[in-house]
Amino acid sequence: MAEKDLDWSDLHLFLAVARDGGLSAAAKSTRRSPATLGRRMHALERTLKRELFIRHDRGYELTAEGRDLMVALTEIETRILRLAATPEQTERPLIKISAGTWTTLALLECLDDITGRPPDIRLRFISAEKTLNIPHREVVIGFRNQRPSGENLAGRKLMQVEFAPYALPGAPERWIKVLADTPSARWLDRTVGNDALCEVNAPRNSLDLALAGMGIALLPTFIGDGQQALQRTGNTIPELSHDQWLVTHQDDRHLPEVRRTIDRLCNVLKRPGPPRP
């Protein structure tokens, strides 16, 4: 590919389509028509001789080569913004993230991948089972179990979350009950009632007790499968399965530091977990 064949503005448009997941959403942020964006993406693919998107009714999904290009361009964008920053802008911006216990735990294990190497953002995690108010700027980014419905909210669909029982081999066949206002805790209450090994009000404590060999914990599979000592003691529970959404304010999602954070969060949470029988 000759450098003169590449329209560099197409790379900027590619990032918008990749981040927004389709032409219509990207049209709002780029102020280009969906038809124009579609033509430019086809032209970029022809120039690069790569298939960057899988096109379907739900939008534009990145291929493996498309994801690689997005990661590379995001890193270049970050370096350019850092070089262009004024002295007042060199302080790392603060991004407040709200998520439930389990998502927070998964994110903290990949902290360097989210903050950057070297770090270019500051993160404040607010671990809470309740939903914090994004329009009122209680947080910048929130994780939800359903598509955002607010007029000023934008969402990106992540993975499907599933729950299953986990325990150490030989552990007592008694449930560890969580007292919380969550679908999984309510399922435990209906299923176990008062016949539990013990009750905890912090979901994380159920994992601690399971790792100590005290009983069975109901865990999301992206947490339970990552604990090599634990085994599944039953099937996933269909009624607890749900999609996970990353949500932010429409006005905030185009800020460079928020875009970087969203892209990194998505990359971390979409990584495949260890295989399970």
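# Close-up views of a predicted model

**View 1. Strands β7 and β10 pair up in this predicted model.** The partnership between β7 and β10 is antiparallel and runs over four bridges. If you would like one pair to look for, find Y166, whose bridge partner in β10 is A217. Both strands belong to an open sheet of three strands, ordered β10-β7-β11, with antiparallel pairing. At the edges of this sheet stand β10 and β11 (231-232), each of which pairs on one side only.

**View 2. An open sheet is built from five strands.** Here the order is β4-β3-β5-β12-β6, and the pairing is mixed. β4 (122-127) and β6 (153-161) are the edge strands, each with a single partner, so one side of each has no neighbour in the sheet. On average, neighbouring strands in this sheet are turned by 20° against each other, direction ignored. Within the sheet, it is worth pausing at β3 (residues 94-99) and β5 (residues 141-144), which pair in the parallel sense over two bridges. S98 is a handy landmark for this pairing: its bridge partner in β5 is G142. As a reminder for reading any such view, side chains in a regular strand alternate between the two faces of the sheet.

**View 3. Helix α5 lies across four strands and also meets helix α8.** The strands beneath this legend's title are β3, β4, β5 and β12 (242-249), and α5 runs at about 155° to β4. Turning to the neighbouring helix, the axes of α5 and α8 come within 8 Å and cross at roughly 65°. That angle makes α5 roughly perpendicular to α8. Which residues make the contact? On the α5 side they are T101, W102 and L105, and on the α8 side P203, R204, S206 and L207. Sorted by class, the residues of this contact are four nonpolar, two polar and one charged.

**View 4. Helix α8 (residues 203-211) has four buried residues, P203, S206, L207 and A210.** Why do these residues share a side of α8? They cover an arc of only 100° around the axis, which puts them on the same side of the helix. The buried residues of α8 have plenty of company: they pack against α5 (101-108), β7 (163-167), β8 (176-178), β9 (198-200), β10 (217-220) and α9 (221-224). After the helix comes G213, with a positive phi near 80°.

**View 5. S184 sits in helix α7 (residues 183-192).** Is S184 buried or exposed? Its relative accessible area is 15%, and S184 is buried because buried means under 20%. Apart from neighbours within four places in sequence, S184 is in contact with F163, L218 and L240.

**View 6. Strands β1 and β2 form a hairpin, and T63 comes after β2 in a loop.** Two residues lie between the two strands of the hairpin. β1 (residues 53-56) runs antiparallel to β2, and four bridges join them. To get your bearings, look for F53, which stands opposite L62 in β2. T63 has its place in the loop between β2 (59-62) and α4 (64-84). At 12% relative accessibility, T63 counts as buried. Which residues does T63 touch, leaving aside its neighbours within four places in sequence? T63 is in contact with E51, L52, F53 and I54.

**View 7. Helices α2 (residues 23-30) and α3 (residues 34-48) pack together.** Two packed helices are described by the angle between their axes and the distance between the axes. For α2 and α3 the angle is about 105° and the axes are 9 Å apart. The two helices are therefore roughly perpendicular to each other. In α2, the residues of the contact are L23, S24, A26, A27 and T30, and they meet P34, L37 and G38 in α3. By class, this contact has five nonpolar, three polar and no charged residues.

**View 8. R31 is found in the loop between α2 and α3.** At 78% relative accessibility, R31 counts as exposed. To place R31 against another residue, take R147: the two are 116 residues apart in sequence and 24 Å apart in space, from C-alpha to C-alpha.

Technical notes
Residues are numbered from 1 along each chain as its sequence is written. This is a predicted model: local features need pLDDT of at least 70, side-chain atom pairs count only at pLDDT 80 or more; totals for chains, interfaces and linings use all residues. Side-chain values use heavy atoms; hydrogens and water are left out. Buried means under 20% relative accessible area, exposed over 50%, partly exposed in between (1.4 Å probe, protein chains only). The arc is that of the directions from the helix axis to the C-beta atoms. Contact means heavy atoms within 4.5 Å. Two strands pair if DSSP finds at least two bridges between them. Axes are lines fitted to C-alpha atoms, for helices over the stretch in contact, and angles run from 0 to 180 degrees between N-to-C directions. Angles under 35 degrees count as roughly parallel, over 145 as roughly antiparallel, 65 to 115 as roughly perpendicular and the rest as oblique. Ala, Val, Leu, Ile, Met, Phe, Trp, Tyr, Cys and Pro count as nonpolar, Asp, Glu, Lys and Arg as charged, and the others, Gly among them, as polar.
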